[in-house]
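Colleague: I would like a close look at one part of this model, the sheet. Please take me through it strand by strand, then show me what surrounds it.

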Amino acid sequence: MDELDIEKVLNFDENEFLKDVFRQVKLESMKTIAKEKKELMKKPKLVDLFLEVTSRCNARCEHCGSSCGDFMPKDEITKEELEKALLDIHNAYGGKNVYLFVTGGEPLVRKDLFDIMKYARSLGYNWGMTTNGMLINDKIIEKMKETEIKTISISLDGLKETHEKFRKVPGSFDIIIDNLKKLQKLDCLVELQVTTVANKKNLHELESVYNLLLDIGIKNWRLATVDPIGRAKANDEILLDKDGYNYVFNFIKEKRQEGKIKLEYGCSHYLGVDNEMELRDYYFNCGTGIHIGSILSNGDIFACPNIERRKELIQGNIRKDNFVDVWENKYELFRKKRANTNAKCKRCKSYKYCHGDSFHTWNFDDNKPNICMKEILGKDFYV
Ligand SMILES: C[S@@+](CC[C@H](N)C(=O)[O-])C[C@H]1O[C@@H](n2cnc3c(N)ncnc32)[C@H](O)[C@@H]1O
Ligand code: SF4
Ligand code: SF4
């Protein structure tokens, strides 16, 4: 029998031991997810389809990743074109197996939106929408009810002055708060969420937004960090630095511990084993092009709409291609290892969980991640 190491026994730290066990458990789950991802890259399965129904918008947000405005583009997809694509997808995979995330621009500027969603429902699709919430009124709520919307996420980027300045729409804050209160009574909704995009101009107000959401009875809050895409790329004074990210992450951890609201960090960025599952209830897993696809407002077939719009990344267009053919045969770039193009990621021991971070912030010019949390979180980054 080995001799008892008295020093080890005396120095035994229960907390460190439990932390280590917890890490091992997480690593096992992350390995399983990595294995599943490898399989999906070989055999993709469309689960989430983003419908960017328009690029028009009634706001002019400083961070808008899709640089939206109020001009009416000549090439906006028609109701009939979208419905044809939805029918093709339904015939191949069954509408009920694909969730539609309606987004924009501002989806509610489209007058025929609920006609399209009525058709989608007739094919069995479930659907949700991200909206700036400014155009919601009683009539719209009635249409949401008729088309059985399941999830709504409303964007709120601060208290009144900050939000309205940032979104460039005076008076919008009160409308949103009023609409949030009304939507809480909408029975068909499975989830009503508020999305806040943390940036340099609203960090000081996160605590106040938290208290406001508790006051009005909001149960789900998604707190993302601004990605350097679209208008945010040019407005770099709103982008977060290391301290900013650390502030947001500590804020989320603290509020999650309080347990008064279901608060989650956005889906971007691998956070390292110690932070994974601490800031959101799922492990990082950028599924773009392997279970996430999109149809953009001009009919282009794309991956997640938050990825940089580059000609070479567009996979087809529903005006000339069948979405299903494209989904099954294209998306090559999204289905291969990015490490092969970047030496730093290739050497990184986190690669099998991080995969070069989310495609939102991949730098396609230089083949490198624009954001690497390992650099930002430093010593707290464990694997
Ligand atoms: C593009 S908008 C479309 C829907 C709607 N117009 C709205 O603002 O909610 C979808 C979400 O993306 C967020 N978003 C826009 N630009 C972003 C960026 N650069 N980084 C992170 N999130 C961004 C918005 O705040 C919003 O919550
Ligand atoms: S973030 Fe949404 S509301 Fe703001 S400009 Fe872009 S599409 Fe419009
Ligand atoms: S270098 Fe950064 S982005 Fe690349 S795999 Fe490692 S942690 Fe991810």
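**The sheet and its surroundings**

Modeller: Ten strands form an open sheet with mixed pairing, in the order β7-β6-β5-β4-β3-β2-β1-β8-β9-β10. The edges are β7 (262-265) and β10 (316-317), and each has a single partner strand, so one side of each is left without a neighbour in the sheet. Bear in mind that this is a predicted model.

Strands of a sheet pair through backbone hydrogen bonds, and the pairing is either parallel or antiparallel. Both senses turn up around β8, so start there.

Strand β8 covers residues 292-295, and both of its faces are covered. Ile 292 and Ser 294 are buried on one side. Gly 293 and Ile 295 are buried on the other.

Now the neighbours of β8. Strand β1 (residues 48-52) runs parallel to β8, and four bridges join the two. Here Leu 51 stands opposite Ile 295 of β8. Strand β9 (residues 300-302) runs antiparallel to β8, with two bridges between them. In this pair Ser 294 faces Phe 302 of β9. Ser 294 is also one of the buried residues of β8.

β8 and β9 make a hairpin with four residues between the strands. Gly 299 in this hairpin has a positive phi near 90°.

Go on to the edge. β9 pairs with β10 over two bridges, again in the antiparallel sense. Asp 300 has Asn 317 of β10 as its bridge partner. β10 has a single partner strand, so one side of it has no neighbour in the sheet.

Next, a helix. In α6 (residues 160-167), the buried residues are His 163, Phe 166 and Arg 167. Seen down the axis of α6, they fall within an arc of 85°, so they line one face of the helix. Those buried residues pack against α7 (172-183). Just after α6 comes Lys 168, with a positive phi of about 60°.

Arg 167 of α6 has a second role in this picture: Arg 167 is among the residues around ligand 2. The others include Cys 57, Cys 61, Cys 64 and Cys 68, along with Gly 104, Gly 105 and Glu 106. By class, this shell holds five nonpolar, four polar and three charged residues.

Ligand 3 has its own shell. Cys 345, Cys 348, Cys 354 and Cys 372 are among its residues, as are Tyr 270, Tyr 351, Lys 344 and Lys 374. Two elements give two or more residues to this shell, α12 (343-347) and α13 (351-354). The classes here are seven nonpolar, two polar and three charged.

One loop is worth a stop. Asp 112 sits between β2 (99-103) and α4 (113-122). Asp 112 is partly exposed, because 13 other C-beta atoms lie within 10 Å of its own, and 12 or fewer would make a residue exposed. Its C-alpha atom is 26 Å from that of Trp 327, and the two residues are 215 apart along the chain.

Last, the whole chain. The protein chain has 14 helices and twelve strands. Of its 383 residues, 36% are buried. Among contacts with a separation of 6 or more, 72% join residues 24 or more positions apart. The radius of gyration is 22 Å, which agrees with a compact globule, because 383 residues would then give a value near 21 Å. Along the principal axes, the C-alpha atoms fill a box of roughly 80 × 50 × 40 Å.

Conventions
Residues are numbered from 1 along each chain as its sequence is written. Chains are lettered from A and ligands numbered from 1 in the order in which they are written. This is a predicted model: local features need pLDDT of at least 70, side-chain atom pairs count only at pLDDT 80 or more; totals for chains, interfaces and linings use all residues. A residue is near a molecule or strand if its C-beta atom, placed from the backbone, lies within 6 Å of it. Ala, Val, Leu, Ile, Met, Phe, Trp, Tyr, Cys and Pro count as nonpolar, Asp, Glu, Lys and Arg as charged, and the others, Gly among them, as polar. The radius of gyration is taken over C-alpha atoms; the globule rule is 2.2 Å times the number of residues to the power 0.38. A residue is buried if 20 or more other C-beta atoms lie within 10 Å of its own, exposed if 12 or fewer, and partly exposed in between; C-beta atoms are placed from the backbone. Two residues are in contact if their C-beta atoms, placed from the backbone, lie within 7 Å. The arc is that of the directions from the helix axis to the C-beta atoms. Two strands pair if DSSP finds at least two bridges between them.
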